[in-house]
Amino acid sequence: MGNIIETKGLNAGYGPIHVLYDLDFEAPDEAVTVIVGPNGVGKTTLLKAIMGLVTIYSGKIYFQGKDITKMPPHERTRIGIGYMPQVGNIFSRLTVWENLKMAAYIVKDQSKIEEKLEMIFTLFPKLKGFLHRKAGTLSGGERQMLAESMVLIRDPRVMLVDEPTAGLMPKLVTEVMKKFKEMAELTGLPVILVEQRARRALQVGDYAYMMRHGRFIFKGTAKELLNHPHLTEMYLGAIEVRELRYVRE
Ligand SMILES: Nc1ncnc2c1ncn2[C@@H]1O[C@H](COP(=O)(O)OP(=O)(O)O)[C@@H](O)[C@H]1O
Ligand SMILES: [Mg+2]
């Protein structure tokens with residue numbers, strides 16, 4: 001089994017503001033890889049780096065083993081890196097159907113779009129009844145379904161998802177997480193899931209990373225992290241984590 005996405009010694013940030021330090025990251029094929037950590041540690045910046053949206057100082061980014069460190073963002077989308085940002089992922093003034101059409105504009109093959117729509121409606125039967133509603137009138141959970149569908153309709157090879165449960169009611173959180181697992185199983189798509197809600201995310205993940213201050217402080221299976229006796233302390237930064245770094249190596 002290979003890695004769909006990999007970074008080696010990645011240092012990145014926003015212009016002069018250094019955010020990510022020496023990240024060696026691997027997202028295996030056919031797996032859900034979860035990145036957890038408190039607010040402001042660099043989770044979103046890592047996804048943006050994979051999409052080519054931040055400044056890379058050193059290190060490499062690979063997609064299916066190919067070096068994409070210098071590839072422009074739109075090209076990364078075209079080769080199949082699907083990205084669902086935390087905010088600004090739908091057009092509120094357009095209908096659900098118009099949103100889907102916008103997202104699909106890069107797909108040349110009409111039959112592919114129809115095939116993807118069928119899969120999307122299997123995953124989210126509710127969306128089918130909302131096609132002509134303005135996206136802005138949808139509930140938080142429904143918008144999230146639309147944003148996810150907008151990535152899926154482009155037939156990606158991997159899906160990067162940034163905090164899909166942010167701002168959702170607690171009872172929806174479990175549902176949304178389960179849907180990601182279901183989607184990964186239905187499509188066989190590898191998923192890189194960024195979440196602040198560590199326990200909930202780890203329950204649906206296969207592999208896990210924990211981040212603090214732009215570095216990984218844990219790398220292992222989701223189960224190992226979930227069952228780690230110091231999960232909470234590590235998360236809160238209440239214990240010295242250096243000794244726990246890369247427990248599998
Ligand atoms: N556009 C930006 N310009 C400058 N600094 C930023 C920008 N976006 C985020 N940062 C900084 O980068 C750090 C990591 O942010 P982020 O990746 O958004 O964290 P997380 O997703 O883990 O909450 C924070 O210190 C944040 O202030
Ligand atoms: Mg974030």
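Here are a few worked exercises on this predicted model.

**Exercise 1. Get a feel for the whole chain: how many helices and strands are there, and how does the radius of gyration sit against the globule rule?**

Step 1: Start with the secondary structure. The chain has 10 helices and 10 strands.
Step 2: Now check the radius of gyration, which is 18 Å, close to the 18 Å that the globule rule gives for 249 residues, so the chain is as compact as a globular protein of that length.
Step 3: For the outline, the C-alpha trace spans about 55 × 40 × 35 Å along its principal axes.
Step 4: Then look inside. Buried residues account for 39% of the 249 residues. If you take contacts between residues at least 6 apart in sequence, 68% of them join residues at least 24 apart.

**Exercise 2. Work out which residues surround ligand 1, and which elements supply them.**

Step 1: List the shell. Around ligand 1 you'll find Tyr-14, Ile-17, Val-19, Gly-37, Asn-39, Gly-40, Val-41, Gly-42, Lys-43, Thr-44 and Thr-45.
Step 2: Sort the shell by class, and you get 4 nonpolar, 6 polar and 1 charged residues. Glycine goes in the polar pile here.
Step 3: Map the shell onto elements. Strand S2 (17–28) and helix H1 (43–51) each give at least two residues. The largest share, 3 residues, comes from H1.

**Exercise 3. Take Asp-22 and His-213: where does each one lie, and what is its phi?**

Step 1: Place them. Asp-22 is part of strand S2, while His-213 lies in the loop between strand S9 (207–212) and strand S10 (215–221).
Step 2: Read the backbone angles. Asp-22 has a positive phi of about 50°, although it isn't a glycine. His-213 isn't a glycine either, and its phi is also positive, near 45°.
Step 3: Check exposure. Partly exposed means falling between the buried cut-off of 20 or more neighbours and the exposed cut-off of 12 or fewer. Asp-22 has 14 C-beta neighbours inside 10 Å, so it counts as partly exposed. His-213 has 14 C-beta neighbours inside 10 Å, so it gets the partly exposed label too.

**Exercise 4. Is Gln-203 buried, exposed or partly exposed, and what does it touch?**

Step 1: Locate Gln-203 in helix H8 (residues 198–204).
Step 2: Count neighbours. Gln-203 has 16 C-beta neighbours inside 10 Å, so it is partly exposed.
Step 3: Leave out residues up to four places away in sequence, and Gln-203 touches Met-177 and Leu-226.
Step 4: Try one distance. Met-234 is 31 residues from Gln-203 along the chain, and their C-alpha atoms are separated by 17 Å.

Key:
Residues are numbered from 1 along each chain as its sequence is written. Chains are lettered from A and ligands numbered from 1 in the order in which they are written. This is a predicted model: local features need pLDDT of at least 70, side-chain atom pairs count only at pLDDT 80 or more; totals for chains, interfaces and linings use all residues. Helices (H or I, at least four residues) and strands (E, at least two) are DSSP runs, numbered from the N terminus. Two residues are in contact if their C-beta atoms, placed from the backbone, lie within 7 Å. The radius of gyration is taken over C-alpha atoms; the globule rule is 2.2 Å times the number of residues to the power 0.38. A residue is near a molecule or strand if its C-beta atom, placed from the backbone, lies within 6 Å of it.
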